[in-house]
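Me: I would like to go through this structure term by term. For each label, please tell me what earns it.

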Amino acid sequence: MSMASQVIREWMGIQQFPPATQTKLLELLGKLKQENVNTLTILVMGKGGVGKSSTVNSIIGEKAVTVSTFQSEGPRPVMVSRSRAGFTLNIVDTPGLIEGGYVNYHAIQLIKRFLLNKTIDVLLYVDRLDVYRVDNLDKQITRAITDNFGEQIWKRALIVLTHAQLSLPDRLDYEVFCSKRSEALLKFVSPSTWMKKKDIQGSFVPVVLVENSGRCAKNENDEKVLPNGTAWIPNLVKTITEVVLNGSKALLVDKKLVEGPNPNEKGKILIPFIFAFQYFFIIKPLIRAIKSDAAKEAKPVWARASRRL
């Protein structure tokens, strides 16, 4: 489905937020419009069951995509579009990237084809906060995203950790736990692993905590808050805004990106070097040897005999 044919509805869900949250969101949208950002497209990716669809619904303020504990995720990407005061928000919800304990490259290809000719402004890489270990599968997922969308996508990314209203064992500080969990994931998307040294300074992937449950605690302004008191919906949108305005380029998903690199192109690049190697190390020495033998044969017998004496 093309962007032009996508059904864009009025963003009525924003009115479901408490007044304090509405004010903050409208201020952030106004900030984007001041920077001539009138359309924002967010790509949501991650493993299955981590709360991607729930996060989409929380941002929109309505049940825009189906979420069910007892049903598997949708097999294909879905884009939700909402418009408000001349600003259009597109959020692309995607299937989980893991199938049977392995990276689902078929799902990644489906996502890329769905995004053909679309521009991705922000990537939300979603995982759960209440996971106590990071394994090689996390590394494989982030590597697969990098391989398929390019290293620069992480300049337009933020990590979203759901289930942030968790009960921790006694003597385990909430802020310390969140920091360690974030650091463990950031090792796999650290700028130092894919950026040039001159670009690393000042570059990082921000981490935002999210609690999509209806049981989320609220403050005096009726805003959903985390155990540390942060009103998380305005904070998430604020961080998204900062990523959009960080000076990096949005990602255009063109045909070349969807189809991947052509293996024949590498061969074409090597052809001149192969010919040069053959000429200088095979053909040229062979010609020299032939000329040398011909010169010897051209001399009279007495000259060759005298040379041996």
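Reply: Start with burial: a residue is buried under 20% relative accessible area, exposed over 50%, and partly exposed in between, using a 1.4 Å probe and protein chains only. The model is predicted, so local features need pLDDT of at least 70 and side-chain atom pairs count only at pLDDT 80 or more, while totals for chains, interfaces and linings use all residues. Residues are numbered from 1 along each chain as its sequence is written, and side-chain values use heavy atoms, with hydrogens and water left out.

Me: How many of the residues of the protein count as buried?

Reply: The protein has 309 residues, and 42% of them count as buried.

Me: What does the secondary structure come to?

Reply: The protein has 10 helices and 11 strands. Both are DSSP runs numbered from the N terminus: helices are H or I with at least four residues, strands are E with at least two.

Me: Which share of the contacts in the protein joins residues at least 24 apart?

Reply: A contact means heavy atoms within 4.5 Å. Among contacts between residues at least 6 apart in sequence, 75% join residues at least 24 apart.

Me: How do you know that the span of helix 7 is close to what is expected?

Reply: The expected span is 1.5 Å times one less than the number of residues. Helix 7, residues 232–244, has 13 residues, and its expected span is 18 Å. From its first C-alpha to its last, helix 7 reaches 18 Å, so the value is close to the expected one.

Me: What makes helix 7 "mostly covered"?

Reply: In helix 7, 10 of the 13 residues are buried. Among them are Trp232, Leu236, Thr239, Ile240 and Val243. The cover over the buried residues of helix 7 includes helix 1 (19–34), helix 2 (52–60) and strand 10 (207–209).

Me: Why is helix 2 also called mostly covered?

Reply: Eight of the nine residues of helix 2 are buried. They include Lys52, Ser53, Asn57 and Ile60. The buried residues of helix 2 pack against several elements, including strand 3 (78–84), strand 4 (87–93) and helix 7. Just after helix 2, Gly61 takes a positive phi of about 85 degrees.

Me: Why are helix 1 and helix 7 called roughly parallel?

Reply: Two packed helices are described by the angle between their axes and the distance between the axes. Axes are lines fitted to C-alpha atoms, for helices over the stretch in contact, and angles run from 0 to 180 degrees between N-to-C directions. Angles under 35 degrees count as roughly parallel, over 145 as roughly antiparallel, 65 to 115 as roughly perpendicular, and the rest as oblique. Helix 1 and helix 7 pack at about 5 degrees, with their axes 9 Å apart. Therefore the two helices are roughly parallel to each other. Residues meeting there include Leu25, Leu28 and Lys31 in helix 1, and Ile233, Val237 and Lys238 in helix 7.

Me: What makes helix 3 and helix 4 oblique?

Reply: Helix 3 (residues 105–114) and helix 4 (residues 136–149) pack at about 40 degrees, and their axes are 11 Å apart. That angle is in none of the other ranges, so the pair is oblique. Helix 3 makes the contact with Tyr105, Ile108, Ile111 and Lys112, and helix 4 with Ala144, Asn148 and Phe149.

Me: How do you know that Asn36 is exposed?

Reply: Asn36 has 67% relative accessibility, and so it counts as exposed. Asn36 lies in the loop between helix 1 and strand 2. Its phi is positive, about 65 degrees, although Asn36 is not a glycine.

Me: Why does Ala85 get the label "exposed"?

Reply: The relative accessible area of Ala85 is 62%, so the label fits. Ala85 is in the loop between strand 3 and strand 4. Ala85, although not a glycine, has a positive phi of about 50 degrees.

Me: Why are Lys155 and Ile98 called partly exposed?

Reply: Lys155 has a relative accessible area of 28%, so it is partly exposed. Ile98 is at 21% relative accessibility, so it is partly exposed as well. Lys155 is in the loop between helix 4 and strand 9, and Ile98 is in strand 5 (residues 98–99).

Me: What separates Lys155 from Ser248, and Ile98 from Lys47?

Reply: Lys155 and Ser248 are 93 residues apart along the chain, with their C-alpha atoms separated by 6.5 Å. Ile98 and Lys47 are 51 residues apart in sequence and 5.8 Å apart in space, C-alpha to C-alpha. Not counting residues up to four places away in sequence, Ile98 touches Lys47, Val103, Asn104, Leu137 and Ile141.
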